[in-house]
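Here is a note for a colleague opening this entry. Please keep the sequence and the model side by side while reading.

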Amino acid sequence: MRLILTLLLFSSVPAEAFLFGGASDKKAAASLEMMRSAFEAGDCASALELSGAFLREKPPPELREEAYGYMGRCYESAGSTDKAISLYKLALGLYPENILFATRLALIYNQAGFPENAAPLFLKVLSIKSDDLAANLGLARAYASLGFLSRAKDFYSRAVILQDFLDPAVLEEYELCMLRKRDWPEARFIAGKGAQAAPLSAFWHQARARVSAGQGDYRKALSAMEAAILLEPSRRLRLERALYLLLGGLSRRAIDAADAELAADGKDALAAAVKGMALYSLGQKAEAAPYFITARCGGPFTAKIAGSFLPAAGAEATCEK
């Protein structure tokens, strides 16, 4: 303490330099305060403009760390993704324990379609803060994109628990991942949680229908799909219902359902595929052929279905260009 007092009394350096830093640090602190205010007000253009004066003062690491956070997010807002990536990489090297930089960089990689780059960064964040919602959800998405569905399940599960199962959009993501994984018990559980979070959404009845269909219970799938249609009477759902009628052995009802859609659009490829398969299942191969030709000229899904039936139906498809 005596040494400090001696320095304060006899040094030619102003006393406030010991207590508050030099003049340059004061200017940097003032610039940072203005950057903070601009960022919080949503004025990223001003925040980035102020960053130049701030950095010219060669600020200490703790001030620079905060400024990098504002600058990176403002670069993102401005669409300057390359600048944001470069800055976050620099900041992450200087401040490896700051999870903001790792999280933001990982989110950019995920959004840009590079989940293999995002995953290690999210894992780094979770090694520091295991209950970080953004990192758990981001890692789930990264693993799902990479096809690592069991790993994705682990982190989607943590994310929805952290949200107390209250975010329908994230629950839908999780549900679609479990349907893709064919994890029927988990898909049914999440469908129940989703229906609680969004009771007027047809998606959850449709999800339950797909779970039942995946388990071979087409009658139960049909019942769930009819509940979905009551909430959303769309062509898409009606045709999925027609497929369940067909798969459940109710071919004539499937034909009626397909006919209703074909009456509205005679070139509806999916409706044509359903009717063709229903007629084929009743042994009416010649009658099915024109519908398979219509389906063959639709998208890849119906074309593949029709392609497997056309030879047996004794017909070839010639599509208009």
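The points below cover three helix pairs and the largest pocket.

1. Ground rules. This is a predicted model, where local features need pLDDT of at least 70, side-chain atom pairs count only at pLDDT 80 or more, and totals for chains, interfaces and linings use all residues. Residues are numbered from 1 along each chain as its sequence is written, and side-chain values use heavy atoms, with hydrogens and water left out.

2. Helix α14 against α15. Helices here are DSSP runs (H or I, at least four residues), numbered from the N terminus. α14 covers residues 218–231. Its axis and that of α15 come within 9 Å and cross at roughly 165 degrees. α14 is therefore roughly antiparallel to α15. Axes are lines fitted to C-alpha atoms over the stretch in contact, with angles from 0 to 180 degrees between N-to-C directions; over 145 degrees counts as roughly antiparallel, under 35 as roughly parallel. The crossing is left-handed (the near helix is turned anticlockwise from the far one by less than a right angle).

3. Who meets whom there. From α14, the contact residues include Y218, L222, M225 and I229. Among those they face in α15 are L237, E240, Y244 and L247. Contact means heavy atoms within 4.5 Å. By class, this contact has 10 nonpolar, no polar and 4 charged residues (Ala, Val, Leu, Ile, Met, Phe, Trp, Tyr, Cys and Pro are nonpolar; Asp, Glu, Lys and Arg are charged; the others, Gly among them, are polar).

4. Helix α13 against α15. These axes come within 12 Å and cross at roughly 20 degrees. α13 is therefore roughly parallel to α15. The crossing is left-handed. A202, Q206, A209, R210 and A213 in α13 meet R236, L237, E240 and Y244 in α15. That contact holds 5 nonpolar, 1 polar and 3 charged residues.

5. The largest pocket. Its volume is about 310 Å³. A pocket is an open set of points on a 1 Å grid over the protein atoms alone, where a 1.4 Å probe fits, with protein on both sides within 12 Å along at least five of seven lines; lining residues have an atom within 4 Å of a point. The volume is the space filled by probe spheres set on the points, which are joined across faces, edges and corners. Which helix gives the largest share of the lining? α15 does, with 4 residues. α13 also supplies at least two. Among the lining residues are W184, R210, Y218, E240, Y244 and F301. By class, the lining has 8 nonpolar, 1 polar and 3 charged residues.

6. Helix α17 against α18. α17 (residues 269–281) and α18 (residues 285–296) have axes within 8 Å, crossing at roughly 160 degrees. They are therefore roughly antiparallel to each other. This crossing is left-handed.

Definitions and conventions:
Angles under 35 degrees count as roughly parallel, over 145 as roughly antiparallel, 65 to 115 as roughly perpendicular and the rest as oblique.
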